Amino acid sequence: MILTTTPSVEGRKIVEYKGIVFGEVVAGVNFFKDFGAGIRNIIGGRSSSYEGELIEARESALHELSERAAKLGADAVVGIDIDYEVLGEANGMLMVTASGTAVKLD
């Protein structure tokens, strides 16, 4: 499965549009990661625990998007957009949504 943010796949022709596909992930961030990130916020530096959560959530959303496109018989997903949102009472949940157009290539 080819996944791309571009509207086309270079050297390939889109012969059929299968529809818009999504991959969504909602992940909780635990107390220890919040505590460590809070310390980093005070002393400066990067929060590797939050970065790891973002990477894992994004990869999971793209994997889900790819699986849904495959079920439609697509060869690629073009025009992929990834959005991040925080949810919950204390913003303790991270939502990552990946969307794009599933297409059949020649």
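Reader: How far apart are N and O where the side chains of Glu16 and Lys18 meet in a salt bridge?
Author: First, this is a predicted model: local features need pLDDT of at least 70, side-chain atom pairs count only at pLDDT 80 or more, and totals for chains, interfaces and linings use all residues. Residues are numbered from 1 along each chain as its sequence is written, and side-chain values use heavy atoms, leaving out hydrogens and water. To count as a salt bridge, a side-chain nitrogen of Lys or Arg has to sit within 4 Å of a carboxyl oxygen of Asp or Glu. Glu16 and Lys18 pass that test, with N to O at 3.2 Å.

Reader: And what is the relative accessible area of Lys18?
Author: Buried means under 20% relative accessible area, exposed means over 50%, and partly exposed is in between (1.4 Å probe, protein chains only). Glu16 is partly exposed at 38%. Lys18 is partly exposed too, with a relative accessible area of 28%.

Reader: How many salt bridges does the count come to by this rule?
Author: Side chains of opposite charge can pair when their charged atoms come close. The Glu16 and Lys18 pair is a salt bridge. By this rule, the count comes to four.

Reader: Arg68 and Glu24 form a salt bridge; how far apart are the closest N and O atoms?
Author: Arg68 is partly exposed at 36%, and Glu24 is partly exposed at 34%. Their closest N and O atoms are apart by 3.0 Å.

Reader: How many residues apart are Arg68 and Glu24, the pair that links distant parts of the chain?
Author: Helices (H or I, at least four residues) and strands (E, at least two) are DSSP runs, numbered from the N terminus. Arg68 lies in helix H2 (residues 48-71) and Glu24 in strand S2 (residues 14-28). Along the chain, the two are apart by 44 residues.

Reader: Which residues are joined into one network by salt bridges that share partners?
Author: Glu64, partly exposed at 21%, forms a salt bridge with Arg68, with the closest N and O atoms 3.0 Å apart. Glu64 and Arg68 are four residues apart in helix H2, so about one helical turn separates them. Arg68 also has its salt bridge to Glu24. Sharing partners, these bridges make one network of Glu24, Glu64 and Arg68.

Reader: What order do the four strands of the open sheet have?
Author: Two strands pair if DSSP finds at least two bridges between them. The edge strands, each pairing on one side only, are S1 (2-3) and S2. The pairing in this open sheet is mixed, and the order is S1-S3-S4-S2.

Reader: How many bridges join S2 to S4?
Author: Strands of a sheet pair through backbone hydrogen bonds, either parallel or antiparallel. S3 (residues 76-87) and S4 pair in the antiparallel sense over 10 bridges, and Thr97 in S4 is the bridge partner of Asp83. S2 and S4 run antiparallel as well, and Ala27 stands opposite Leu94 in S4. The bridges joining S2 to S4 number 13.

Reader: Which residue in S4 does Asp81 stand opposite?
Author: The residue in question sits in strand S4 (residues 93-105) and is buried at 17% relative accessible area. Contact means heavy atoms within 4.5 Å. Leaving aside neighbours within four places in sequence, this residue is in contact with Val21, Phe22, Leu65, Gly79, Ile80 and Asp81. Standing opposite Asp81 is Ser99.

Reader: How far apart in space are Gly19 and Ala102, C-alpha to C-alpha?
Author: Gly19 is found in strand S2 and is partly exposed at 26%. Not counting residues up to four places away in sequence, Gly19 touches Gly100, Thr101 and Ala102. Gly19 and Ala102 are 83 residues apart in sequence, but in space their C-alpha atoms are apart by 5.5 Å.

Reader: Which residue takes a positive phi in the hairpin of S3 and S4?
Author: This hairpin has five residues between the strands. The positive phi is near 95 degrees, and the residue that takes it is Gly88.
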